[in-house]
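Grab a coffee and open the viewer: here are a few exercises to work through with the structure on screen. Try each task yourself before reading the solution.

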Amino acid sequence: MHEAVAEYVGNLKPHHKRAVLLLRELVLERLPHAEEGFGHGFPLYCVRREPVVGIAHRKKGLMLYIMRPELVASYRDRLAGQLDGKSCICLKRAGKPLRDDLFPVIEELLSAL
């Protein structure tokens, strides 16, 4: 694990940590060629030095950033109510459980990168 990512995860509350690590595992599984790094205050995953995915736990909840807004837009119907901007998908709202039903959609998105 990238040193800054380990520090970021280590500073999270236990229930937030579990969610971030689960999402990290999914990203690394679907994008085995991605390089893990840290930027903009959260873990970033780059392909050919270009950021393609970011994971952040914010006050709003657990966020997944897909750096291809056109790809996210093509899933707009399946992500109804979860989009928070052009490339940000909220997988867990603050105080609510993780939306497991979104994982098949996220797997498809990651596979399309």
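## Exercise 1: The core

In this predicted model, the largest nonpolar core has 39 residues, and those touching the most other members are Leu23, Val53, Leu64, Leu79, Ile89 and Ile106.

**Task.** Find which helices and strands each supply at least two residues of this core, then list the contacts of Ile89 beyond its neighbours within four places in sequence.

**Solution.**
- Step 1. On the helix side, you should have α1 (3-10), α2 (14-30), α3 (69-73) and α4 (103-112). The strands with at least two core residues each are β2 (42-47), β3 (50-57), β4 (61-66) and β5 (88-93).
- Step 2. Now click on Ile89. Leaving out those sequence neighbours, Ile89 is in contact with Leu62, Met63, Leu64, Ile66, Val72, Leu79, Gln82, Leu83, Ile106 and Leu109.

## Exercise 2: The sheet

**Task.** Work out the strand order of the open sheet, name its edge strands, and say which strand α2 makes about 160 degrees with.

**Solution.**
- Step 1. Walk across the 5 strands: the order is β1-β2-β3-β4-β5, and the pairing is antiparallel.
- Step 2. β1 (35-39) and β5 each pair on one side only, which makes them the edge strands.
- Step 3. On average, neighbouring strands here are turned by 25 degrees against each other, ignoring direction.
- Step 4. Add the helices. α2 packs on the sheet and touches β1, β2, β3, β4 and β5, with its direction at about 160 degrees to that of β3. α4 lies across β3, β4 and β5, and runs at about 150 degrees to β5.

## Exercise 3: Around β4

**Task.** Trace how β4 is joined to β3 and to β5, then decide whether β4 is enclosed or open.

**Solution.**
- Step 1. Start with β3: a hairpin through 3 residues leads from it to β4. The two strands run antiparallel and are joined by 5 bridges, with Ile55 standing opposite Leu64 in β4.
- Step 2. Move to the other neighbour. β4 and β5 are also antiparallel, with 5 bridges between them, and Leu64 has Ile89 as its bridge partner in β5.
- Step 3. Check burial: 6 of the 6 residues of β4 are buried, so the strand is largely enclosed by the rest of the structure.

## Exercise 4: An aromatic pair

**Task.** The whole structure holds 2 aromatic pairs; for Phe42 and Tyr65, are the rings stacked or edge-to-face?

**Solution.**
- Step 1. The ring centres of Phe42 and Tyr65 sit 4.9 Å apart.
- Step 2. Their planes are at 10 degrees, and because planes under 30 degrees apart count as stacked, this pair is stacked.
- Step 3. Phe42 is in strand β2 and Tyr65 in strand β4, so the pair ties together parts 23 residues apart in sequence. Both Phe42 and Tyr65 are buried.

## Exercise 5: Two sides of α1

**Task.** Which residues of α1 are buried, and which exposed ones does the face turned away from them carry?

**Solution.**
- Step 1. Buried in α1 are Val5, Tyr8 and Val9.
- Step 2. Look down the helix axis: these buried residues fall within an arc of 95 degrees, so they line one face of α1.
- Step 3. That buried set packs against α2, β1, β2 and β3.
- Step 4. Turn α1 around, and the face away from its buried side carries the exposed Glu3 and Glu7.

Conventions. Residues numbered from 1 in each chain as written. Predicted model: local features only at pLDDT ≥ 70, side-chain atom pairs only at ≥ 80, totals over all residues. Heavy atoms only, no water. Core = buried A, V, L, I, M, F, W, Y, C linked by side-chain atoms within 4.5 Å. Buried < 20%, exposed > 50% of the residue type's maximum accessible area, 1.4 Å probe, protein only. Helix = DSSP H or I, 4+ residues; strand = E, 2+ residues; numbered from the N terminus. Contact = heavy atoms within 4.5 Å. Pairing = 2+ DSSP bridges. Axes fitted to C-alpha atoms, helices over the stretch in contact; angles between N-to-C directions. Phe/Tyr/Trp six-rings, centres within 6.5 Å; stacked < 30°, edge-to-face > 60°. Arc of directions from axis to C-beta.
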